[in-house]
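Subject: Structure for you, with notes

Hello,

Here is the structure I promised to hand over. Please open it first, then read the notes below.

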Amino acid sequence: MISVFLAGLLVVFLGWTFYYRRHWRDGLRAELSFGQDFLYAEEQTFITEKIENAKRMPVPILEAAFQIRKEIQFLDLENTAVSDFTYKRDVFSVLGNQRIIRKLPVECKKRGYYQIEKVDFTTYSLLHTWLYKMEQPEEKSLYVYAKRTDVSELVLSCEKILGARQCARRLYEDPFAFRGIREYTITDPMKTINWKASAKSGELMVNTFASTLTERVMIYLNVADEGIIKHENLIEEGISVAASLAQKLIGKGMEVGIALNAAGGKFCISPAGGRGHLTSIERMLAEFEAKDRVVPFSDILGEKQEDTMPVFISRNTDGAGRAIAEFVGKEQEGIWVVPVTAAELAEKDGGNIPGRQEAGQPDLQQLMSGNRLKILVRKVAGV
């Protein structure tokens, strides 16, 4: 009798193992999603993890794992490993026709474009004799925009240079010289609303007209981290200044463009206005990575635009500084923001342009003398 009982158990065990191996993945799926489409650096959100078993057979032990760049930090470190990426592995016991939902709080430490590309399932047979695996593609992404920073001094300088253009633009606009259509801002008069375009897009759109006093700003951002000692935090500060300045100026009804000296045409956006344009700028800045190849700063300066005020953001004050001096000349007005460390600021006493004096080269301070360029030396906190 014992032998018959043991033989029966063996048959059941083998039968269950065979059936489980063939059908454990049926109706089993995972769905991951971020709590929002975008947020700003150092803000928190959550990742929703949904596991669903749409069959009657239970899955007693199920491991679901995924990975994401380590700049996304889980606030609960249980079942989490961090190396080149952050690896999250959770264990579930899923009954038949059951759905399990968990919310995993995370903090986004750095701007960037983050993706989850797949979910790996692992389960075991009875007595953990065999291991079974399955991979499920999962395309989820999150934009983490550059951290907002105080640019009130920079905005004030822009407004001083632009002078009376904010008022003059409407006085001198030619209503017969139609230029284009953009999104409505709170500074636009009701008479400029294009109702047909608004009905098609679902958002308020306004007509824009040609003017000799158009308020346009072009930001030229140097993302090259040159020198033996790297200062990635200063490059990040420059990106934050560019993003914050674009947000403030577009909110005031101005048109803003931006160019980075990173290889590839996707890192240049022509001046325009509206919320959609600001989103394009913020996403472009989020997508830039330090490993991207850079080109000389002079390559992105191009030709002067008479109706556009340039804003340069560069901590490199040697080659880039000379390119800026040649670009603005003695007539064009603009602003140069120089992110520096506290040590650099103390060394130069805060009054001069930080930089090295190369043998046989003219002093950069002398090159800048006579330029109508306002230079703002910006100390980055903590460095």
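Helices and strands here are DSSP runs, H or I of at least four residues for a helix and E of at least two for a strand, numbered from the N terminus. On that basis the chain has nine helices and 18 strands. Keep in mind that this is a predicted model.

**The chain as a whole**

There are 383 residues in the chain, and buried residues make up 45% of them. The accessible surface comes to about 20400 Å². Carbon and sulfur atoms hold 53% of that surface. Take the contacts between residues at least 6 apart in sequence: 72% of them join residues at least 24 apart.

**Cavities**

How many cavities of 30 Å³ or more does the structure hold? It holds two.

The largest encloses about 40 Å³ of space. Its lining is made of Leu221, Asn222, Leu234, Ile235, Gly238, Ile313, Ser314, Arg315 and Pro339. Helix 5 (residues 232-251) gives the largest share of that lining, with three residues. By type, the lining splits into five nonpolar residues, three polar and one charged.

The second largest cavity has a volume of about 30 Å³. Arg182, Thr185, Ile250, Gly253, Met254, Glu255, Gly273 and Gly274 line it. Here the split is two nonpolar, four polar and two charged.

**Two buried polar side chains**

Glu63 sits in strand 4 (residues 59-69). Its relative accessible area is 15%, below the 20% cut-off, so Glu63 counts as buried. Which side chain does the side chain of Glu63 meet in a polar contact? That of Arg89, at 3.1 Å. Arg89 is also on the contact list of Glu63, which leaves aside neighbours within four places in sequence. The list continues with Asp90, Val91, Asp120, Phe121, Thr122 and Tyr124.

Asn194 lies in the loop between strand 11 (178-183) and helix 4 (195-201). Is Asn194 buried or exposed? Its relative accessibility is 18%, under the 20% limit, so Asn194 is buried. A polar atom of the Asn194 side chain lies 3.3 Å from the backbone nitrogen of Lys196. Not counting residues up to four places away in sequence, Asn194 touches Ile181, Met205, Val206 and Asn207.

**Positive phi**

Most residues other than glycine have a negative phi. Two loop residues are worth a look on that score.

- Glu42 has a positive phi, near 75°, and is not a glycine. It is in the loop between strand 2 (38-40) and strand 3 (44-53). Glu42 is partly exposed, with a relative accessible area of 47%.
- Asn97 has a positive phi of about 55° and is not a glycine either. It is in the loop between strand 7 (85-94) and strand 8 (98-108). At 55% relative accessibility, over the 50% cut-off, Asn97 therefore counts as exposed.

A glycine joins them: Gly329, just after helix 7, takes a positive phi of about 60°.

**Helix 7**

Helix 7 spans residues 319-328 and is mostly covered. How many of its ten residues are buried? Eight are. They are Ala320, Gly321, Arg322, Ala323, Ile324, Ala325, Phe327 and Val328.

Phe327 also figures in a long-range pair. Its C-alpha atom is separated by 8.3 Å from that of Glu303, 24 residues away along the chain. Glu303 is in the loop between helix 6 (275-287) and strand 16 (308-313). At 70% relative accessibility, Glu303 counts as exposed, whereas Phe327 is one of the buried residues of helix 7.

**Gly251 and Arg275**

One further pair deserves a mention. Gly251 and Arg275 are 24 residues apart in sequence, and their C-alpha atoms are 8.4 Å apart in space. Gly251 is in helix 5, the helix that gives the largest share of the largest cavity's lining. With a relative accessible area of 45%, Gly251 is partly exposed.

**Where to start**

For a first view, try the polar contact between the side chains of Glu63 and Arg89. Then go to the largest cavity, whose lining includes Leu234, Ile235 and Arg315. Finish at helix 7, with eight of ten residues buried.

Best wishes

Notes
Residues numbered from 1 in each chain as written. Predicted model: local features only at pLDDT ≥ 70, side-chain atom pairs only at ≥ 80, totals over all residues. Heavy atoms only, no water. 1 Å grid on protein atoms, 1.4 Å probe; cavity = no way out; pocket = protein on both sides within 12 Å on 5 of 7 lines; lining within 4 Å. Points joined across faces, edges and corners; volume = space filled by probe spheres on them. Nonpolar A, V, L, I, M, F, W, Y, C, P; charged D, E, K, R; others polar. Buried < 20%, exposed > 50% of the residue type's maximum accessible area, 1.4 Å probe, protein only. Polar contact = N/O pair within 3.5 Å; in protein donor to acceptor, adjacent residues only side chain to side chain. Contact = heavy atoms within 4.5 Å. Areas by Shrake-Rupley, 256 points an atom, 1.4 Å probe, with all protein chains shown as cover.
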